[in-house]
Amino acid sequence: MSYGHQGPTGGYGTGGYGPPSGGYGQGPGYGQVPPAGGPPKNYMVHNILGILSCTVIGIIGLVFSLQVNSKWEMGDYVGAESAAKTAKILGIIGLVSFILMIVFVVFYVLVIFIGVGLAVSNGY
């Protein structure tokens, strides 16, 4: 008499239960051959500039930028591509906001200097 559950092939703990191969906690993309060309671009500079102008978006983008290489090294190539796409979008938003901030500051400084110059030349 046998106790416990026997899998479809007859032995204990064997059969079609659990993940088909590999260990637990491994998501899609693990164990695949890495795509040619190395890890995707992480857009770290864009996100660092985004921190200077739009702090929240820049920090979130930086987190995704940092995930790209670590996921690639762990073998999660799909996750690395996904993190790179998110870092790219947030990096572009951060970079555009940084450029707009610089343009605004330059415009503001020019208006102040022109206003002071006109006030001085008119005797105010």
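Axes are lines fitted to C-alpha atoms, for helices over the stretch in contact, and the angle between two of them runs from 0 to 180 degrees between N-to-C directions. The exercises below concern a predicted model.

**Exercise 1. Determine how α1 and α3 are oriented relative to each other, and which residues form their contact.**

Step 1. The axes of α1 and α3 come within 7 Å and cross at roughly 45°.

Step 2. Angles under 35 degrees count as roughly parallel and those from 65 to 115 as roughly perpendicular; α1 and α3 are therefore oblique to each other.

Step 3. The sense of the crossing of α1 and α3 is left-handed. On the α1 side the contact is made by His46, Asn47, Leu49, Gly50, Leu52 and Ser53, and on the α3 side by Ala87, Leu90, Gly91, Gly94, Leu95, Ser97, Phe98 and Met101.

Step 4. Sorted by class, the contact of α1 with α3 consists of 7 nonpolar and 7 polar residues, with no charged residues.

**Exercise 2. Carry out the analysis for α1 and α2, and state which orientation class the pair belongs to.**

Step 1. Helix α1 spans residues 44-53 and helix α2 spans residues 55-74, and the two pack at an angle of about 160° with their axes 6 Å apart.

Step 2. The cut-off for roughly antiparallel is an angle over 145 degrees, and α1 and α2 are therefore roughly antiparallel to each other.

Step 3. The crossing of α1 and α2 is left-handed. From α1 the contact draws on Met44, Asn47, Ile48, Gly50, Ile51 and Ser53, while α2 supplies Thr55, Gly58, Ile59, Gly61, Leu62, Ser65 and Leu66.

Step 4. In the contact of α1 with α2 there are 6 nonpolar and 7 polar residues, and no charged residues.

**Exercise 3. Locate Phe98, decide whether this residue is buried or exposed, and describe its surroundings.**

Step 1. Phe98 is placed in helix α3, which covers residues 77-121.

Step 2. A residue counts as buried under 20% relative accessible area; Phe98, with a relative accessible area of 19%, is therefore buried.

Step 3. When residues up to four places away in sequence are not counted, Phe98 touches Leu49, Leu52 and Ser53. Each of these three belongs to the α1 side of the contact with α3, where Phe98 is listed on the α3 side.

Step 4. Phe98 can also be related to Ile48, since the two residues are 50 apart in sequence, yet their C-alpha atoms are 9.9 Å apart in space.

**Exercise 4. Find the aromatic pairs of the structure, and classify each by the angle between its ring planes.**

Step 1. The structure holds 2 aromatic pairs. The rings of Trp72 and Tyr77 have centres 4.8 Å apart and planes at 70°, so this pair is edge-to-face.

Step 2. Both partners of this pair can then be checked for accessibility: Trp72 is buried, with a relative accessible area of 12%, and Tyr77 likewise counts as buried at 12% relative accessibility.

Step 3. In the pair formed by Phe104 and Tyr108, the ring centres are 6.2 Å apart and the planes lie at 20°, so the pair is stacked.

Step 4. Phe104 and Tyr108 both lie in helix α3, where they are 4 residues apart, about one turn of the helix. Phe104 counts as exposed at 54% relative accessibility, whereas Tyr108 is partly exposed, with a relative accessible area of 48%.

**Exercise 5. Examine Tyr43 and Val63, giving for each its place in the chain and its accessibility.**

Step 1. Tyr43 is found in the segment before α1, and its backbone has a positive phi of about 55° although the residue is not a glycine.

Step 2. With a relative accessible area of 18%, Tyr43 is buried.

Step 3. Val63 lies in helix α2 and is partly exposed, with a relative accessible area of 41%. The C-alpha atoms of Val63 and Ala83 are separated by 9.1 Å, the two residues being 20 apart along the chain.

**Exercise 6. Summarise the chain as a whole, from its secondary structure to its contacts.**

Step 1. The chain has 3 helices and 0 strands, and its pattern, read along the sequence, is α-α-α.

Step 2. Of the 124 residues of the chain, 20% count as buried.

Step 3. Among contacts between residues at least 6 apart in sequence, 57% join residues at least 24 apart.

Notes. Residues are numbered from 1 along each chain as its sequence is written. This is a predicted model: local features need pLDDT of at least 70, side-chain atom pairs count only at pLDDT 80 or more; totals for chains, interfaces and linings use all residues. Side-chain values use heavy atoms; hydrogens and water are left out. A crossing is left-handed if the near helix is turned anticlockwise from the far one by less than a right angle, and right-handed if clockwise. Contact means heavy atoms within 4.5 Å. Ala, Val, Leu, Ile, Met, Phe, Trp, Tyr, Cys and Pro count as nonpolar, Asp, Glu, Lys and Arg as charged, and the others, Gly among them, as polar. Buried means under 20% relative accessible area, exposed over 50%, partly exposed in between (1.4 Å probe, protein chains only). Rings of Phe, Tyr and Trp (its six-membered ring) pair if their centres lie within 6.5 Å; planes under 30 degrees apart count as stacked, over 60 as edge-to-face and the rest as tilted.
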